[in-house]
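Colleague: Could you walk me through this model and show me how to read its sheets, its helices and its ligand site?

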Amino acid sequence: MFLENFFDINAIIYTYPLLLDGFLLTVKLVAVIVPAGIALGTILALIYALGGWFTKAGFILYVDTFRSLPPLVLLVFIFYGLPFLGIQLGSFASAVLALVLNGSSYYAEIVRAGIVAIPKGQWDAGRATGLTRFQTIVYIVLPQAVRNVVGPLLGNTLELTKATSICSVVALPEFLRTAQIAQSHVYNPTPLVFVALVYLILLWPLARLVSRLERGIATH
Amino acid sequence: MTSAPVLQISDLRKSFGSEEVLKGVNLTVQRGEVVVLLGSSGSGKSTFLRCINRLEEPTSGSITLNGNSVTASNANLRTLRKQIGMVFQSFNLYPHLTALKNITLALRLSLGQTRQAAEEQAKHMLAQVGLAEKAHAHPSELSGGQQQRVAIARALALEPQVMLFDEPTSALDPELVGSVLEVIRLLRQRHMTMVIVTHELGFAREAADRIIMMDKGEIVEEGPPEQLFTAPKHPRTREFLKHFTGR
Ligand SMILES: Nc1ncnc2c1ncn2[C@@H]1O[C@H](COP(=O)(O)OP(=O)(O)OP(=O)(O)O)[C@@H](O)[C@H]1O
Ligand SMILES: [Mg+2]
């Protein structure tokens, strides 16, 4: 009785193509947002480390702003608010923009913290051998910094991946949204349960890895 | 000795905030000369060395390297720094790179050498400091003495006009000091121009052509090692020698 309601296998079989499309769209979102977020975050951290007080202030403003705004509020604003300013973005573009702004602010802060933790002697060695500041940070400081913050970077990637489910509110047919549609077709919560299980099974190993990395760093 | 100064430093001043750390230092270093800089902690020795390649920005004064101004506002710092080798107390090797790559990085980026030429040069330098077989070791796999020798090789690979050593053996266990000093002796035999900050007084006495005694940002005494060690004039020098020789 319980199983019939919450996990009716026929409901999955019936709505499978729809759910697969949703799943693939979520994968696509993650595949765009995560690399873009990491790239933008890293660039911002480099600008912070190489720039003067003005760029540092700009960095702090960016990071604080987009870490304070809930991603859902940001997304709703971009999708429903910006059209009033004459900027009309589709649901996919809005989702990508909102989550890249949000994700990059966290990545930027993580990479920045990694960079400033590298001993000054590393900069000295690079500059004393004729490297530019840019070469020093790219070849010497950043590789070490990133290595030291792999745990937090993966943690943020996990958060960002989960956050793609908010895109259902702008009618983007990602995994959760297709599950809601499927549910309305079969009058049964099974598709939702199924989506939750898929998220759990796919992300659990990543969550475990994050925990292990963070513990590894703590004991280092 | 020919009188072709490699380094000419005049009236060098450096302040951190309101604290004047270098109070008008003058120093001329001839080609092939080995100058040892002594002084108690906080006297400004590191700051002085770091001003020479402008890792620290001097407040005023002038520095020339082979006649080229280091302190001019339009000085080509990258070019000048390649000619000034620097060795740090804490080695400052790049921990994520092998010994070989620690050396090739600047050869490739600063000198624009090809990968092959850089690796050949780096292997040659490692052999010179007795670490040919450690080319592919990471710094964490090397002893302190070995790390410092890699750091020396890294600086030497750029074929500098002068080498600056800032307490190269202070971070080493006593039994490893010798291997690093041995490399510096070898450089001396090859007439490398060097400015060395060290507390190894025995080594200073044996290897220096001239000793400079620094106190509170000023040179208080200088002269050949024999004179300075046997007949120090300035009270601070006497005090310093007494402290470090334990007599
Ligand atoms: N970046 C800095 N900012 C502020 N003060 C500094 C800085 N670097 C050095 N100082 C100060 O300048 C003075 C000289 O320092 P320096 O490191 O040059 O001395 P030192 O002779 O090398 O001493 P040690 O033998 O301990 O290495 C010290 O009082 C130190 O506190
Ligand atoms: Mg010092």
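Colleague: Let's start with a strand pairing. Which residue stands opposite R13(B) in β4(B)?

Modeller: In general, strands of a sheet pair through backbone hydrogen bonds, either parallel or antiparallel. In this predicted model, R13(B) faces S60(B) in β4(B). β1(B) and β4(B) run antiparallel and are joined by five bridges.

Colleague: And what is the bridge partner of R13(B) in β2(B)?

Modeller: That partner is K23(B). Here β1(B) and β2(B) run antiparallel, with nine bridges between them. Their hairpin has two residues between the strands, and G17(B) takes a positive phi near 60 degrees there.

Colleague: In what order do the strands of this open sheet come?

Modeller: The order is β2-β1-β4-β5 in chain B, with antiparallel pairing. The edges are β2 (19–30) and β5 (68–69) of chain B, each of which pairs on one side only. Strand β4 (residues 60–65) of chain B is linked to β5(B) by two bridges, in the antiparallel sense. L65(B) is opposite N68(B) in β5(B).

Colleague: L65(B) is easy to find now. Which residues outside its own stretch of sequence does Q83(B) contact?

Modeller: Leaving aside neighbours within four places in sequence, Q83(B) is in contact with L65(B), P160(B), Q161(B) and V162(B). Q83(B) sits in the loop between α2 (77–82) and β6 (84–87) of chain B. A polar atom of the Q83(B) side chain is 3.3 Å from the backbone oxygen of T79(B).

Colleague: β6 leads me to the other sheet. How do I read its strand order and its edges?

Modeller: This open sheet has six strands with mixed pairing, in the order β6-β7-β8-β3-β9-β10 of chain B. β6 and β10 (218–223) of chain B each have a single partner strand, so one side of each is left without a neighbour in the sheet. On average, neighbouring strands are turned by 20 degrees against each other, direction ignored.

Colleague: Where can I see a parallel pair?

Modeller: Look at strand β7 (residues 162–166) and strand β8 (residues 194–197) of chain B, which run parallel and are joined by four bridges. M163(B) has M194(B) as its bridge partner in β8(B).

Colleague: Which strands do the helices lie across?

Modeller: Helix α1 (residues 45–52) of chain B lies across β1 (5–16), β2 and β4 of chain B, at about 120 degrees to β1(B). α1(B) also lies across β3 (34–38), β6, β7, β8 and β9 (210–215) of chain B, running at about 150 degrees to β7(B). Helix α6 (residues 174–189) of chain B lies across β3, β7 and β8 of chain B, at about 155 degrees to β8(B).

Colleague: Now the ligand. Which element gives the largest share of the shell around ligand 1?

Modeller: α1(B) does, with three residues. The full shell is F16(B), E19(B), V21(B), S40(B), S41(B), G42(B), S43(B), G44(B), K45(B), S46(B), T47(B) and E167(B). By type, two are nonpolar, seven polar and three charged.

Colleague: Which atoms lie at polar-contact distance from the oxygen atoms of ligand 1?

Modeller: Among them are a polar side-chain atom of T47(B) at 2.5 Å and one of S41(B) at 2.6 Å. A backbone N or O atom of S43(B) lies 3.2 Å from an oxygen atom of ligand 1. Taken alone, ligand 1 exposes 630 Å², and the protein buries 62% of that.

Key:
Residues are numbered from 1 along each chain as its sequence is written. Chains are lettered from A and ligands numbered from 1 in the order in which they are written. This is a predicted model: local features need pLDDT of at least 70, side-chain atom pairs count only at pLDDT 80 or more; totals for chains, interfaces and linings use all residues. Side-chain values use heavy atoms; hydrogens and water are left out. Two strands pair if DSSP finds at least two bridges between them. Contact means heavy atoms within 4.5 Å. Axes are lines fitted to C-alpha atoms, for helices over the stretch in contact, and angles run from 0 to 180 degrees between N-to-C directions. A residue is near a molecule or strand if one of its heavy atoms lies within 4 Å of it. A polar contact is a pair of N or O atoms within 3.5 Å; within protein, one must be able to donate a hydrogen and the other to accept it, and residues adjacent in sequence count only if both atoms are side-chain atoms. Accessible areas come from the Shrake-Rupley method with a 1.4 Å probe; for residues, only the protein chains shown count as cover. Ala, Val, Leu, Ile, Met, Phe, Trp, Tyr, Cys and Pro count as nonpolar, Asp, Glu, Lys and Arg as charged, and the others, Gly among them, as polar.
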